[in-house]
Amino acid sequence: MADNAIDQPNATPSPGDATVPTAPVESPAPPAPAVPRDAQMADLEELRSSLLAAASALQAQSARNAEIQRLIRDVRTVTQGAFTAPAPAAPTARYEASGYTTTPERDCGCSCGCLSDQCCRFEIRFDSVRVLAMQPLELDDSNANPWGELEVKMFAWVDSGLGPLGAIVPSMFSDLSLRKLLQHPAVPVHVNRTIGTVEVPKGKPKTIIVGVDAVESDAGLIERATGGRDEEGSASATMTLDCCCSAPSTCSFDVSFTSGGQGGGAIEVTFSANKRC
C-alpha cells in the first residue's frame with residue numbers, strides 16, 4: 001500500500017505542506033519614437049523667424065514712439081513761445097495833425113495806401129478857380145455889367161492810369177458864381193475839393209492827368225437870346241509825382257468856353273498833389 005502511494009504522481013498535498021506564490025513578470029515599455037533631425041531644424045527655424053519678426057515690430061514701434069515724442073516737444077515749444085511772446089503793438093493811428101502816418105505792413109501793390117514803406121500816397125485836390133475872361137456877347141455876363149457873373153458847374157477829374165475819377169463842383173443842382181472887373185484880375189475862388197488819391201512806388205516817378213469839364217449856364221431869357229445855349233469847355237494837364245517831393249505840387253491851366261453857346265469866356269483852374277504818407 002505504501003509503495004502504491006509513493007508511486008502515484010498526482011498525489012494531493014497534505015494540508016500541512018507550505019506553498020510559495022510566484023510574482024508576475026512585467027514586460028519592458030516600448031522605446032519612444034525618435035524625432036527626425038529635419039523636423040527639429042524646421043522648428044528652430046520657425047522660432048528664429050518669429051523672434052526676428054517680434055524684434056522688427058518692436059523697433060518700428062520704438063521709432064513711432066520717438067516721432068510722437070518729437071512732435072509733442074515741438075508743439076510744447078510753439079505754444080510756450082506763443083504765450084511768452086510780447087503783445088503786439090497797438091496799431092498806429094491813421095491820421096495825425098500833419099496827415100497820414102506810415103505803417104509798413106505789406107508790399108507796395110495796386111492799392112498800397114499808407115500800409116507800405118515801398119510807396120507813397122498823394123491826395124489830388126481841386127484847389128481853386130478864377131475868371132480869366134467874361135462873356136462879351138452876353139450883357140448879363142460881361143464886364144459891361146458891374147453885377148455880371150459867370151454861373152459855372154465843373155467836373156474835376158484825375159486819371160492815374162485807371163480812367164478818370166473825380167467830383168462835380170459845386171454840385172449837380174447848383175452853380176458856382178464867378179466875377180471879374182474889367183481893370184483887375186479876378187480873385188481865385190477856393191474850392192478845396194479832394195477828387196482822388198494816387199499811389200506812387202518809391203524811386204519811380206509817376207505821371208498823372210488832371211482835367212476839368214465845365215459848363216457856363218445861361219439862365220435868363222436875354223442870355224438865351226444872345227448866347228443861344230450853355231457854353232462848354234474842357235481842358236487837361238499832366239502832373240509828375242515823386243515820393244521824394246515833400247512840398248505839394250501844383251498845376252494850373254486855362255479852360256475856354258469854345259463849345260455849345262456863343263457867349264465865350266474862360267476860366268483858370270488850379271490843382272495840387274499833397275503827399276500824405
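**View A. The disulfide between C120 and C243.** In this predicted model, the sulfur atoms of C120 and C243 sit 1.9 Å apart and form a disulfide. Don't go hunting for another, since the structure holds one disulfide. What does this link tie together? C120 belongs to strand 3 (residues 119-133), while C243 is in the loop between strand 9 (231-241) and strand 10 (249-256), so the bond connects parts that are 123 residues apart in sequence. Now look along the S-S bond: the torsion about it is about -90°, so this disulfide is left-handed.

**View B. Cysteines, buried or exposed?** Both partners of the disulfide, C120 and C243, are buried. Step along to C244 and you find an exposed residue, because its relative accessible area is 71%, and exposed means over 50%. C251 has a relative accessibility of 11%. Buried means under 20%, so C251 counts as buried.

**View C. E149 and its contact with R179.** Find E149 in the loop between strand 3 and strand 4 (150-159). Which side chain does the side chain of E149 touch through a polar contact? That would be the side chain of R179, at 2.6 Å. E149 has a relative accessibility of 18%; the cut-off for buried is under 20%, so E149 counts as buried.

**View D. Strand 8 with strand 4 and strand 9.** Here you can follow strand 8 (residues 206-216), which runs antiparallel to strand 4 and is joined to it by eight bridges. To pick out one of these pairs, start at M154 and cross to A214 in strand 8, its bridge partner. Strand 8 also runs antiparallel to strand 9, and 11 bridges join those two. For a pair to look for here, try V210, whose bridge partner in strand 9 is A237.

**View E. An open sheet of four strands.** Read across this sheet and the strand order is 7-3-12-10, with antiparallel pairing. Which strands stand at the edges? They are strand 7 (189-201) and strand 10, each with a single partner strand, so one side of each has no neighbour in the sheet. From one strand to the next, the twist averages 25°.

**View F. Strand 10 beside strand 12.** Zoom in on strand 10 and its antiparallel partner, strand 12 (residues 266-275). How many bridges join strand 10 to strand 12? Count eight. To spot a pair, begin at S256 and look across to A266, its bridge partner in strand 12.

Key
Residues numbered from 1 in each chain as written. Predicted model: local features only at pLDDT ≥ 70, side-chain atom pairs only at ≥ 80, totals over all residues. Heavy atoms only, no water. Disulfide = S-S within 2.5 Å. Buried < 20%, exposed > 50% of the residue type's maximum accessible area, 1.4 Å probe, protein only. Polar contact = N/O pair within 3.5 Å; in protein donor to acceptor, adjacent residues only side chain to side chain. Pairing = 2+ DSSP bridges. Axes fitted to C-alpha atoms, helices over the stretch in contact; angles between N-to-C directions.
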